[in-house]
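Welcome! Here are some short exercises to work through with the structure in view. Try each task before you read its solution.

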Amino acid sequence: MSMPVIYVVSDSVGETAELVTKAAITQFNGSGMVLKRFPYVEDIEHIDEVISLVKMDKGMIAFTLVKPEMREYIQKAAKIEGIYACDLIGPLMDQIQELTGKVPLCEPGLVRKLDEDYFKKVEAIEFAVKYDDGRDPRGIMKADIVLIGVSRTSKTPLSQYLALKRLKVANVPLVPEVEPPEELYKVPPEKCFGLKISPEKLNNIRRERLISLGLNDQASYANIERIKEELVFFEKVVSRINCPIIDVTNKAVEETANEILNYIHKK
């Protein structure tokens, strides 16, 4: 005897319906049932087509349709043809509506949209870590945004914050003794953002950093003349790139990020 076919019907990709159906089948020791997925079933004609195939195969339907009219139609059509049709999501939605008093959106594919958003965010965070602090200049060409600045201008936290907005960010530290990577001059200038800071503010930040590390705060790293030299080099590089410059002297990371996002949206 041939095994019956279960038609997995969905108004989206159909992953949820297939996973639930597979979970049910495993309780029958993997009985050899065949699954056929029918994704993006969005109108009555598609349902009629599925009903005809199921009837011919003497199978059944497991479906996740979020629109009430579609759920009602497939159940009625299946009943008329003597076909089993299992609603995998409708009863749960109905009970949640009754419990909360809220009306469901009835929009197909929302789970997948949420998943895609989550994975894009994770990918952007991993990108920011991989291409942090100029570790690999190849990231400059792949990035959505490139941050440029001397040490302690919040490049790393800003990269992570923007990654939460699903933007791939690389950052490049500038040091007078080291020529910036050539990629920095090849990337479109509107993708680059120079992070400017006052010498006095940077001096305070660096001194506090050295103290927190148990080091002498009089080191050249926090020397005001050295800092001014670095900032002159910074101005020279960003002028050559001709990219936007943001003064981060008295700004929180969120404020700087919002300036960058507003600039991008305007573009």
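**Exercise 1.** Over the face of which residue does Arg206 lie, and at what distance from the ring centre?

*Solution.* The model you are looking at is predicted. Find Arg206 and look at the ring beneath: Arg206 lies over the face of Tyr221, 4.5 Å from the ring centre. Now go to Arg240, which sits over the face of Tyr185, at 3.6 Å from the ring centre.

**Exercise 2.** Classify the pair formed by Phe193 and Tyr263, and say which parts the pair ties together.

*Solution.* Step one: a pair of aromatic rings is described by the distance of the centres and the angle of the planes. Step two: for Phe193 and Tyr263 the centres are 5.3 Å apart and the planes make an angle of 85°. Step three: an angle over 60 degrees counts as edge-to-face, so this pair is edge-to-face. Step four: Phe193 belongs to strand E7 (residues 192–196) and Tyr263 to helix H10 (residues 253–266), so the pair ties together parts that are 70 residues apart in sequence.

**Exercise 3.** Is Thr64 buried or exposed?

*Solution.* Start by locating Thr64 in strand E3, residues 60–64. Next, take its relative accessibility, 9%. Buried means under 20%, so Thr64 counts as buried. Finally, look at its surroundings: leaving aside neighbours within four places in sequence, Thr64 is in contact with Val9, Ser10, Asp11, Ala17, Leu88 and Ile89.

Conventions. Residues numbered from 1 in each chain as written. Predicted model: local features only at pLDDT ≥ 70, side-chain atom pairs only at ≥ 80, totals over all residues. Heavy atoms only, no water. Helix = DSSP H or I, 4+ residues; strand = E, 2+ residues; numbered from the N terminus. Buried < 20%, exposed > 50% of the residue type's maximum accessible area, 1.4 Å probe, protein only. Contact = heavy atoms within 4.5 Å. Phe/Tyr/Trp six-rings, centres within 6.5 Å; stacked < 30°, edge-to-face > 60°. Lys NZ or Arg CZ within 6 Å of the ring centre and 35° of its normal.
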